[in-house]
Amino acid sequence: MDDPVEAQLVAYNARDVDVFLKCYTADCLIEDGAGQKLMQGHAAIRERYAAMFAASPKLHCVVVNRTRIGRYVLDVEEITGRVPDFRRAVAIYRLTSDGGLIEHVRFLRED
């Protein structure tokens, strides 16, 4: 996998939780904008995203802007078809030192 951030976006839009998880380290931490843990590790990520994918058959995310700074990737996203609904988010991904997997994510979104 050359770019885990792009690969997870493609898997997200396909609602393919197995391919989606391959983009993340086994202990990846996902937080909200305030730094509160939303989920950590493949089991928790699988549970949350599988439920969202099942509940959101029209789910689709478009990256409006992507910025890379070292091991960090910042995506400004427009999301449609999500249950529960929200439309705009910023995702800040930190990659492993070799850039092969996502090891940390912080989501900023409209309430």
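Two strands count as paired if DSSP finds at least two bridges between them. Keep that rule at hand for the exercises below, which all use a predicted model.

**Exercise 1. Find the partners of strand S1**

Task: Work out which strands S1 is joined to, and in which sense each pair runs.

Solution:
- Step 1. Look from S1 towards S2: 3 bridges join these strands, which run antiparallel. The rule asks for at least two bridges, so S1 and S2 are a pair.
- Step 2. Find a residue that marks this pairing. Leu 29 stands opposite Gln 40 in S2.
- Step 3. Follow the chain between the two strands. S1 and S2 form a hairpin with 5 residues between them, and Gly 35 in that turn has a positive phi of about 85°.
- Step 4. Now turn to S6. Here 4 bridges join S6 to S1, and the two run parallel. Leu 29 serves as a marker again, standing opposite His 104 in S6.
- Step 5. Check how covered S1 is. Of its 8 residues, spanning 24-31, 6 are buried, so the strand is mostly covered.

**Exercise 2. Place Glu 31**

Task: Decide whether Glu 31 is buried or exposed, and list what it touches.

Solution:
- Step 1. Locate the residue: Glu 31 sits in strand S1.
- Step 2. Compare its accessibility with the cut-off. Buried means under 20% relative accessible area; Glu 31 has 9%, so it counts as buried.
- Step 3. List its contacts, leaving aside neighbours within four places in sequence. Glu 31 is in contact with Gln 36, Lys 37 and Leu 38, and also with His 104, Val 105, Arg 106 and Phe 107.

**Exercise 3. Read the two faces of S4**

Task: Sort the side chains of S4 by face, then find the strands that pair with S4.

Solution:
- Step 1. Walk along residues 72-80 and note the alternation. Val 73, Asp 75, Glu 77 and Ile 79 point to one face and are buried. Tyr 72, Leu 74, Val 76, Glu 78 and Thr 80 point to the other face and are not buried.
- Step 2. Take S3 (residues 60-69) as a partner: it pairs with S4 in the antiparallel sense over 9 bridges. Thr 67 stands opposite Leu 74 of S4.
- Step 3. Inspect the link. S3 and S4 form a hairpin with 2 residues between them, and Gly 70 in the turn has a positive phi of about 60°.
- Step 4. Take S5 (residues 88-95) next. S4 and S5 also pair in the antiparallel sense, over 7 bridges, and the bridge partner of Val 73 in S5 is Tyr 93.

**Exercise 4. Follow helix H1 into its loop**

Task: Describe the start of H1, its buried residues and the residue that follows it.

Solution:
- Step 1. At the start of the helix, a side-chain oxygen of Asp 3 reaches to within 3.1 Å of the backbone nitrogen of Val 5.
- Step 2. Within H1 (residues 4-14), the buried residues are Pro 4, Val 5, Gln 8, Leu 9, Ala 11, Tyr 12 and Asn 13.
- Step 3. After H1 comes Arg 15, in the loop between H1 and helix H2 (17-21). Arg 15 has a positive phi of about 55° although it is not a glycine. Its relative accessible area of 30% makes it partly exposed.
- Step 4. See where Arg 15 meets another loop. Ser 56, in the loop between H3 and S3, is buried with a relative accessible area of 0%. Not counting residues up to four places away in sequence, Ser 56 touches Arg 15, Gly 81, Arg 82 and Val 83.

**Exercise 5. Link Arg 48 to Leu 38**

Task: How far apart are Arg 48 and Leu 38 in sequence and in space?

Solution:
- Step 1. Arg 48 is in helix H3 and is partly exposed, at 41% relative accessible area.
- Step 2. The two residues are 10 apart in sequence, and their C-alpha atoms are 9.5 Å apart.
- Step 3. Look at the side chain: a polar atom of Arg 48 lies 3.4 Å from the backbone oxygen of Leu 38.
- Step 4. Beyond its neighbours within four places in sequence, Arg 48 is in contact with Leu 38 and Met 39.

**Exercise 6. Explore the largest pocket**

Task: What is the volume of the largest pocket, and which residues are closest to its centre?

Solution:
- Step 1. The largest pocket holds about 430 Å³ of space. Of its 23 lining residues, Tyr 49, Arg 82, Phe 86, Phe 107 and Arg 109 are the closest to the centre.
- Step 2. Sort the lining by type: 15 residues are nonpolar, 2 polar and 6 charged.
- Step 3. Trace the lining back to the fold. H1, S2, H3, S4, S5 and S6 each supply at least two residues.

Conventions. Residues numbered from 1 in each chain as written. Predicted model: local features only at pLDDT ≥ 70, side-chain atom pairs only at ≥ 80, totals over all residues. Heavy atoms only, no water. Buried < 20%, exposed > 50% of the residue type's maximum accessible area, 1.4 Å probe, protein only. Polar contact = N/O pair within 3.5 Å; in protein donor to acceptor, adjacent residues only side chain to side chain. 1 Å grid on protein atoms, 1.4 Å probe; cavity = no way out; pocket = protein on both sides within 12 Å on 5 of 7 lines; lining within 4 Å. Points joined across faces, edges and corners; volume = space filled by probe spheres on them. Nonpolar A, V, L, I, M, F, W, Y, C, P; charged D, E, K, R; others polar. Contact = heavy atoms within 4.5 Å.
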